[in-house]
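I sat down with this structure today and kept a few notes as I went. Here they are, in the order I looked things up.

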2 protein chains.
Amino acid sequence: MKGRLYLIPSPLGDNDPAEVLPASTLAKARELKCFVVEEIRTARRFLSRAGLKGHIEELEFHELNEHTDVAEVEAMSELFEKGDVGLISEAGLPAVADPGAALVDLCHRKGLEVVPMVGPSSLMLALMASGLNGQSFAFCGYLPAKTDERRNALKECEKRSRSLHQSQIIIETPYRNDAFFADLLQCLSPHTRLTVAADITLPSQYIVTKSIEEWRRKPASIGKRPCVFIVLA
Amino acid sequence: MKGRLYLIPSPLGDNDPAEVLPASTLAKARELKCFVVEEIRTARRFLSRAGLKGHIEELEFHELNEHTDVAEVEAMSELFEKGDVGLISEAGLPAVADPGAALVDLCHRKGLEVVPMVGPSSLMLALMASGLNGQSFAFCGYLPAKTDERRNALKECEKRSRSLHQSQIIIETPYRNDAFFADLLQCLSPHTRLTVAADITLPSQYIVTKSIEEWRRKPASIGKRPCVFIVLA
């Protein structure tokens, strides 16, 4: 009997894991002995805050991030010979908007069972709270970094939203939030609606939906807080 | 000070709410006195299983579902004069793939605060566990019921998946699962990958990703279990 892969979500910010993770997720995080994580330091801190007692130095950690090559991922199939493995990302759901999906793909190819555990998804929490279309939506990942390409991508996004009546979920690296918000106000049509959802699940949570013309009159000040943007044309 | 709208997720099946909902969600569900729900009967059962003690007959319930018209939704703004309101859907996240978004939209228009609580999303749990592209994905809601239109929509889906390298998440009403799965095997290209994710978070959970040609050799038997399908061309 080979091990299974458990997908263990983590909090979206510096809040208590017990507030945002259900009992089954916390129990599994405390029980596993072998983890594949995006960064070992933050994964250790999460596990210790999740109530892991005593044996954190006995745990086995392997990193899977943008620096991991295909051969290293393939070699991880050996981990399952010894038992169950947990996959943890930096924040939120593993394998959504992060590099973990390569390990899940490996498990399906090897016939290993994959078990997703419940936890916070910044994308879905923002979508639920947006009031925009939750019956049809898309997440397009990060847009291009170069200004012209990013603005073109935004216009494409708005066009797709209009033709498919599809909410478009977008994230940006936090230090670019305010520049990106300015781009949104500049590129999108006055009647397009935009949700700004910052610090989701944290005490400073801010989630507001307005039309672009309303935002232009009174823009948001986001700063470097983690933020999800949703556009519906 | 007007009330806030709390979005309260519920379990995806007949499991214990305490297993799949974090402490903060359970506490809020037990504390609120006024609810907008998709169906009163199932919402009462959920709240009672979530550990609500004693006062279930004192709670106020209002239904919001596909039979609710716009004027009725608008009238719900009065509920917030008396205090906080909870929105609960039949299963999983309110306002995602259900009619609740209309109430959230009302709150944004009235300047009322909306607070999304953490809980299980069948779409995200299936996506995490699929091993398919979690950096770009779309949910297209229900496809048309008529066979020809549905097959055309599926081919469109596959085309969009290929051109945008976008995982396409699809759901079907459970009694049509097997017919829909047969359509998928018939319409899609042999190398397109397909995830079948049934009974997510339940003991009978089944989540497998294979290529269409592999599925054709050994099809899944889904039956009437709630199921999420994900396609990546």
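**Entry 1: how the copies relate.** I am working with a predicted model. I superposed chain B on chain A, and a rotation of 180° with 0.0 Å of shift along its axis does the job, at an RMSD of 0.0 Å. The two copies are thus related as by a two-fold rotation axis. Next I asked which surface the copies meet through. Of the interface residues of chain B, 100% are also interface residues in chain A, so the copies meet through the same surface.

**Entry 2: cavities.** How many cavities of 30 Å³ or more are there? I count three. The largest cavity holds about 90 Å³ of space. I then went looking for what surrounds the largest cavity, and found that α7 (122-130) of chain A and α7 (122-130) of chain B are the elements that give two or more residues to its lining. In total, 17 residues line this cavity. Nearest its centre I noted A:Leu93, A:Gly119, A:Ser121, B:Gly119 and B:Ser121. I also sorted the lining by character: 13 residues are nonpolar, four are polar and none is charged.

**Entry 3: cysteines.** I searched the whole structure for disulfides and found zero over all chains. A:Cys187 is in no disulfide, and the nearest cysteine sulfur, in A:Cys157, is 11 Å away. I wanted to know why B:Cys107 has no bond to the closest cysteine sulfur. That sulfur belongs to B:Cys34 and is 11 Å from the sulfur of B:Cys107, too far for a bond, because a disulfide needs the two sulfur atoms within 2.5 Å. Are these cysteines buried or exposed? A:Cys187 is buried, with a relative accessible area of 11%. B:Cys107 is buried too, and its relative accessible area is 0%.

**Entry 4: helix α9 of chain A.** A:Cys187 led me on to its helix, α9 (residues 177-187) of chain A. Besides A:Cys187, the buried residues of this helix are A:Asn177, A:Phe180, A:Phe181, A:Asp183, A:Leu184 and A:Leu185. What do the buried residues of α9(A) pack against? I listed two helices of chain A, α8 (147-164) and α10 (212-217), and the strands β7 (167-171), β8 (193-198) and β10 (227-232) of chain A.

**Entry 5: B:Ala91.** I found B:Ala91 in the loop between β4 (85-88) and α6 (101-110) of chain B. B:Ala91 is partly exposed, at a relative accessible area of 40%. Setting aside its neighbours within four places in sequence, I see B:Ala91 in contact with B:Ser10, B:Pro11 and B:Leu12. I also checked B:Phe46: it is 45 residues from B:Ala91 in sequence, and 9.6 Å from B:Ala91 in space, C-alpha to C-alpha.

**Entry 6: a positive phi in each chain.** Last, I looked at backbone angles. A:His165 has a positive phi of about 45°, although it is not a glycine. I placed A:His165 in the loop between α8 and β7 of chain A, and it is partly exposed, with a relative accessible area of 45%. Then I turned to chain B, where phi of B:His165 is near 45°, again a positive value in a residue other than glycine. B:His165 sits in the loop between α8 (147-164) and β7 (167-171) of chain B. I noted a relative accessible area of 45% for B:His165, which is partly exposed.

Note on methods. Residues numbered from 1 in each chain as written. Chains lettered and ligands numbered in written order. Predicted model: local features only at pLDDT ≥ 70, side-chain atom pairs only at ≥ 80, totals over all residues. Heavy atoms only, no water. Least-squares fit on C-alpha atoms with pLDDT ≥ 70 in both. Contact = heavy atoms within 4.5 Å. 1 Å grid on protein atoms, 1.4 Å probe; cavity = no way out; pocket = protein on both sides within 12 Å on 5 of 7 lines; lining within 4 Å. Points joined across faces, edges and corners; volume = space filled by probe spheres on them. Helix = DSSP H or I, 4+ residues; strand = E, 2+ residues; numbered from the N terminus. Nonpolar A, V, L, I, M, F, W, Y, C, P; charged D, E, K, R; others polar. Buried < 20%, exposed > 50% of the residue type's maximum accessible area, 1.4 Å probe, protein only.
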